[in-house]
Amino acid sequence: MVSVKKVCAEDVLSEAKQYITNPESLSLIQNSLNYAFEKHAGQFRRNGEPYIVHIWNVSYILAKLRVGPKTICAGILHDIIEDCDVSKEQLALDFDEEIANLVESVTKIGNISVKNMKEYQAANHRKLFIAMAKDVRVILIKLVDRLHNMRTLQYMSEEKQKRIASETLEVYAPIAHRLGISEIKNELEDLSFLYLDSEEYHHIARLLEAKKSERDAMVKKMIEDISAMLTLHNIKYRIFGRSKHLYSIYRKMTIKGKRFEEILDLLAIRIVTETELNCYETLGYIHAQYRPIPGRLKDYIAMPKMNMYQSLHTTIVGDAGSIFEIQIRTEEMDSIAERGVAAHWRYKEGSKYDPRAEQKEIEDKLSWFKEFTTLTGESEDNTPTDYMETLTRDIFEANVYVMTPMGKVIDLPNGSTPIDFAYRVHTDVGHSAIGAIVNDALVPLNTVLKTGDVVQIKTSKQFPDPSEDWLKFVKTNQARNKIKNYLLKKEFERRQEKVEIGEKIISDELKKRGFDLKEFMDKKKIENISGFFQVDNYVDLMYGVSQKSINPISVVEKLTNQKKPYLDSELINKINSKDYKRQSTSKNGLKVSGIDSMMMSLAQCCRPVYKDSIVGYITKGQGVKVHRSNCPNIVNLTTRLIDVEWEDSVNVNTRYDANVLVVSRDRNFLFTDIVTVVSQYKGNMISINSTVNQEELTVTTKMTIQVMDLDHLNTIMTNLKKVDSVIVVERQFI
């Protein structure tokens, strides 16, 4: 467990005075402490301490980070809105708008309608990170608040301990790492590890402790030898041993499958010098005296990490065969390595904080922050959960570093491709990508990138059109969402064009019949009849008309309540004459209003089933053939059509043939799974035939099945769509 100094209000002021001398700034901090003491009076934490103790600790840690006085004040007041019934407006009056905004940004969302705790947490995180994109001080306050909460987590129930530790490990530690604040990140990880896997935590701690005296002796000897060498060469330095934190050891043991004894950097030494030149000189002297392990030299000075971290790393073999990891850096690099963004933007007396200027500098220093800001700006279109999943994958888990031809570093998650790279560069580059050159070689767009790759995207202004196939291999949520949004927009535009075509067809039919367009081309009226044609709304109805799957004549007649023109008397006489075979009822459950009896049969081209929208066609000598209303063979006919209806009920044993087409990706046992679904949902298989497309590796299956009615058929088709590898399921016209 981390040993923490107990602090009070005087400690906060004392630490602030180490770098703040302006009386007004110190007075502001004192007023904030008094205000918080008054507002939090009578409130206690789980451990029995007054709540103000938490406030003192948060503000003390912020002062240790050397942040500005207003950031310390916001840290002191960070729970005022949430816990003390003080509004943001009141806080702005009592202090100022800047402090009130910071406090409001770290305040949890109040009562909102959410499905579960995960969604509530995601909503709070999104609020926090949106605020962070505007002012990085927000996340500094929240990280410090979470750090002290983790230090006192032992007083919570086990369930809360695990939930809070898990959230800390998944959200707060990664963002601390991205901001380069390793002091906070390491402690958050170790504390989370303690509560999530106490047994393993203590196991590794015991392994470290077992050989501590032996390791300390070896480190001391190596420090003495290196110190003598640097003194001999007149290099100013600080040198000390450093301990590896427990969670990083655990990760190497689990992720890389290493035994405790195999982790090379358990013996670690850090050398802090004055200049970059001193760093490289020191590295040269060490390599001249000790044997370096091949492949373990890393120059993060020339190529800083995405969180601004700079240092030289090398692993050497000592005199007794012991292995040491050596880190070499300047004082400024060491400060940034420990405190990250908090060190780089340390408060300077007399300087005025400008959020826009500071955020711009952050974007310049932290290349990922610009992508983060862009992602956050787009987040309003996503659910909080989607936003956090994107942030986790695209920002927190990004550990592959590739470069543009101009040397700009782009960070991506493992498994990313040139398409992910293209969308990270710019949305338009992604949309218009047609090829990729990686390390001067033309490669497929689904090539997996690795750290160090130099990537160039070939684009085309003539064909800026993402492919749906890209969704199968892109890794980042950002690229996936951009592609999906583009395809949806294009589909909407194409569909809108079809809807306009459908509207013109209906308008022309109404004009031909002499109806007033203002009266009948009314979206609400047309929407009301959409269900008759088995679609849900106006748009789907017009789309169906344009695609010739819905008969425009039927739409107009339903809309205007106009029946089809009466058949001429000669044709009626023929229908009722002996030339037509009479039948009092139809075995298929069909009837024609106004005509006693006639020969009727279901058309084989479209095979209607009970409850389908239907229309009759009077043949010459074969009675009435009943078609589905959207059958291509009758959809454009205007004569010899007649209204046909289904009986209110039919014989329960009556079955109807339906033609169904299934397109799938080829795989083993596909045929068996399709037949099983039809059988499982009580469909009778009449015939089935499958053909394989070897080039596209797809299978087209055509089958005729017997069903009770349209609902029964739809149930079977819906479940066929759920079969693994199935792409399309639809009824077929012959």
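## A walk through strands and cysteines

Start by selecting Cys605: this residue is buried, with a relative accessible area of 14%. Keep in mind as you go that the model is predicted. Now add Cys631 to the selection, since it holds the cysteine sulfur closest to that of Cys605, at 3.5 Å. A disulfide requires two cysteine sulfur atoms within 2.5 Å, so this pair is too far apart for a bond. By that rule, the count of disulfides is 0. While you are looking at cysteines, pick Cys279 as well: its relative accessibility is 0%, so it counts as buried.

Next, bring up the open sheet of 4 strands, whose order is S13-S15-S14-S16 and whose pairing is mixed. At its edges lie S13 (600–602) and S16 (641–642), each pairing on one side only. Then select residues 614–618 and 624–628: these are S14 and S15, antiparallel and joined by 5 bridges. For a cross-strand pair to display, choose Tyr617, which stands opposite Lys625 in S15.

For the last stop, move to residues 433–438, strand S9. Which strand pairs with S9 over 5 bridges? That is S11 (residues 455–459), in the antiparallel sense. Show Ile437 here, and you will find Gln456 of S11 opposite.

S9 also runs antiparallel to S10 (residues 441–443), with 3 bridges between them. In this pairing, Val438 faces Ala441 of S10. The two strands make a hairpin with 2 residues between them. Finish by selecting Asn439 in the turn, where phi is positive, at about 55°.

Note on methods:
Residues are numbered from 1 along each chain as its sequence is written. This is a predicted model: local features need pLDDT of at least 70, side-chain atom pairs count only at pLDDT 80 or more; totals for chains, interfaces and linings use all residues. Side-chain values use heavy atoms; hydrogens and water are left out. Two strands pair if DSSP finds at least two bridges between them. Buried means under 20% relative accessible area, exposed over 50%, partly exposed in between (1.4 Å probe, protein chains only).
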